[in-house]
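Reader: I am new to this structure and would like to learn how to read it. Could you walk me through it, one feature at a time?

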Amino acid sequence: MKKQIVINKGLSEVRIAILEDNDLVELMVERPNDEKIIGSIYKGKIVKILHPIKGLFIDIGMGQDAFLHFNDVSYGANFNAYNDDYPPNVDKKLKGKGGEIRKGLSLYHGQKIIVQAIKEPIGNKGVRVTSEVTLPGRYLVLIPGVEAINVSRKIHQFKEKKRLKNLLSSLLPPNFGVIVRTEAEAQDEEILKKDLQDLLDTWGKIQSRIDDEKPIDIIHEDNEISSSVIRDIFRDNIDRVVIDNKKLYKEILSYVKEISPHLVEKVEHYKSKKPIFEDFGVERQILESHSKAVNCGNGGVYVIIEQTEALVSIDVNSGKFLSNKNSDINSLKVNLLAAKEIAKQLRLRDLGGLIVIDFIDMLDRKNRDALYEGFKNELSRDRAKWSMSEISRFGLIELARQRERESLFHSMSDICPLCIGKGRVPTKESILTQIEIWLATFKEHSSEKSLKLIVNQSTKDFLTAGLKSVRLQLMFKFFLRIDIEVNDKLYDSQFKFFSKKTNQDLTAKYGQTFLPEHHQDYA
């Protein structure tokens, strides 16, 4: 299987695509002004202790309080890391199988606490946090306050596991533990020692910020997505990493030279005038990922994906697929085609929580078992944690999946002010990315130097705000004169380009917008 990481840097966002045999399987979007939540560490304060739901609410300086489940309360030093004293009426419930607080940990309203974000907020739910802080490196994950060494299950050889444990035991200072990542296998002492020292230095800086005067504050942000992808995913099984921005290319190249010099030759700078996501076929697949209906690539089989606050429902439809007179065998083939596409869509859209899949009914137990094993095999490529039920007598599979980040649907769309949240529209940054793609395609095929851009008032305000406006940046980037006119009949997600010379509408000739002329839900 050919695996590639393709990185596109625009004016408003960095997009990272992971391709397997040219199929888009993961897409991450990072914007400079967005706070990096997952992996960030906060100084917070307990504002509520709710035993009925077995959790705490922590004020970490966001609009919504973070949620800390009793099971995520650490016994380590971070819990009472910077409290001077305790009031006499502390809450000392024991933590047993029911999920109560551990013996010896004192909890009270107003108590200070160090927590780390493990799940992004979604809807009206706040950030999910843990008090067991971890710092990921290329080869190791540092765990302050816990003296333990755990080795990745993917390292199978007993001798190698023993070597790594003995080595880390000699290197670790007191009151620290580590998780040894798969990438550490066969690495020599100096490489692991450097990775460990970098993590210890980072923890030292975090500790110095803990002692600052601010009682509620963010004290550590994880790496930018592009760096964390290189750290966590770029390994020997990746064929190449391609970046279309020279500055970002140099930064990533420098980072790879430091952590994995043997992979430097796989890092490439994309120099073609054609937009990189267009060249790799990614742009088309992103647009398709916004649709509820997804074709499974054979005989009309398709699935319908519906996201709600409570769960994600997926319905499998056979279309006109017919490959066998035996209806049960035919249903098995349809279900296996759908299972492959569903596993891909879960990764691409980063769907999390409870997922219910309605496969086509099959009577034969062997066929049901074949579907279960086939679907489990497809899910094995997923980096996220997941748990799957057996097929019910109604043909349903229930799947719980831990979301890695904000879903693609939410990261690339905003609540529509016209429908008040019933549908979705692209973000201004995503619209700008589409305009950039259109202009790059136009420049590739035309020598014309002047264009007229027609948008609604809201989009015009976004493009022209400030002295160094987005419009001026686009003009300098593409060496074009761009005049903007307003047409409030257009939706936020629509734009039109006209030739200044001939007044011809060029929009469809060199690209497409998110929505057609008539109104439809963006979903």
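Author: Gladly! Let us start with a term: a helix here is a DSSP run of H or I with at least four residues, and helices are numbered from the N terminus. Leu346, for instance, is found in helix H7, which covers residues 327-349. Please keep in mind that this is a predicted model.

Reader: How many helices and strands does the protein have?

Author: The protein has 13 helices and 26 strands. Of its 523 residues, 49% count as buried. The protein exposes about 26,500 Å², and carbon and sulfur atoms supply 49% of that area.

Reader: What share of the contacts joins residues at least 24 apart?

Author: Take the contacts between residues at least 6 apart in sequence: 64% of them join residues at least 24 apart.

Reader: Back to Leu346, then. Is Leu346 buried or exposed?

Author: The cut-off to know is that a residue counts as buried under 20% relative accessible area. Leu346 has a relative accessible area of 0%, so Leu346 is buried. Leaving out residues up to four places away in sequence, Leu346 touches Ile314, Leu351, Ile355, Leu379, Leu399 and Arg401. You can also look at Ala384, which is 38 residues from Leu346 in sequence and 9.7 Å from it in space, C-alpha to C-alpha.

Reader: Which side chain makes a polar contact with the side chain of Arg231?

Author: That partner is Asp232, and the polar contact between the two side chains is 2.8 Å. Arg231 itself is found in helix H3, residues 225-232. With a relative accessible area of 4%, Arg231 is buried. Apart from neighbours within four places in sequence, its contacts include Pro136, Arg181, Asp222 and Tyr255.

Reader: Where is Thr427 placed?

Author: Thr427 sits in the loop between strand S23 (424-426) and helix H10 (428-445). This loop residue counts as buried because its relative accessibility is 4%. The side chains of Thr427 and Ser430 are joined by a polar contact of 2.9 Å. Beyond residues up to four places away in sequence, Thr427 touches Arg31, Ser411, Met412, Ser413 and Asp414.

Reader: How do I describe two helices that pack together?

Author: Two packed helices are described by the angle and the distance between their axes. In this model, try H10 and helix H11 (residues 457-464): their axes come within 11 Å and cross at roughly 80°. That angle is why H10 is roughly perpendicular to H11.

Reader: Which residues of H10 and H11 meet?

Author: From H10 come Lys428, Glu429, Leu432 and Ile435, and they meet Ser458, Thr459, Phe462 and Leu463 in H11. The residues of this contact divide into four nonpolar, two polar and two charged.

Reader: How should I read a positive phi?

Author: Most residues other than glycine have a negative phi. Phi of Asp21, however, is near 50°, a positive value in a residue other than glycine. Asp21 lies in the loop between strand S2 (14-20) and strand S3 (23-30). Its relative accessible area is 44%, so Asp21 is partly exposed. Phe479 also has a positive phi, near 55°. You will find Phe479 in the loop between helix H12 (470-478) and S25.

Reader: Is Phe479 buried or exposed?

Author: Over 50% relative accessible area, a residue counts as exposed. Phe479 has 63% relative accessibility and therefore counts as exposed.

Reader: Where is Val486 found?

Author: Val486 is in strand S25, residues 481-486. At a relative accessible area of 35%, Val486 is partly exposed. Its C-alpha atom is separated by 5.3 Å from that of Val455, although the two are 31 residues apart along the chain. Setting aside neighbours within four places in sequence, Val486 is in contact with Val455, Asn456, Gln457 and Lys460.

Reader: How many residues apart in sequence are Lys273 and Ala440?

Author: Lys273 and Ala440 are 167 residues apart in sequence, while their C-alpha atoms are 7.0 Å apart in space. To find Lys273, look at the loop between strand S15 (267-269) and helix H5 (276-279). Lys273 is exposed, with a relative accessible area of 72%.

Key:
Residues are numbered from 1 along each chain as its sequence is written. This is a predicted model: local features need pLDDT of at least 70, side-chain atom pairs count only at pLDDT 80 or more; totals for chains, interfaces and linings use all residues. Side-chain values use heavy atoms; hydrogens and water are left out. Helices (H or I, at least four residues) and strands (E, at least two) are DSSP runs, numbered from the N terminus. Buried means under 20% relative accessible area, exposed over 50%, partly exposed in between (1.4 Å probe, protein chains only). Contact means heavy atoms within 4.5 Å. Accessible areas come from the Shrake-Rupley method with a 1.4 Å probe; for residues, only the protein chains shown count as cover. A polar contact is a pair of N or O atoms within 3.5 Å; within protein, one must be able to donate a hydrogen and the other to accept it, and residues adjacent in sequence count only if both atoms are side-chain atoms. Axes are lines fitted to C-alpha atoms, for helices over the stretch in contact, and angles run from 0 to 180 degrees between N-to-C directions. Angles under 35 degrees count as roughly parallel, over 145 as roughly antiparallel, 65 to 115 as roughly perpendicular and the rest as oblique. Ala, Val, Leu, Ile, Met, Phe, Trp, Tyr, Cys and Pro count as nonpolar, Asp, Glu, Lys and Arg as charged, and the others, Gly among them, as polar.
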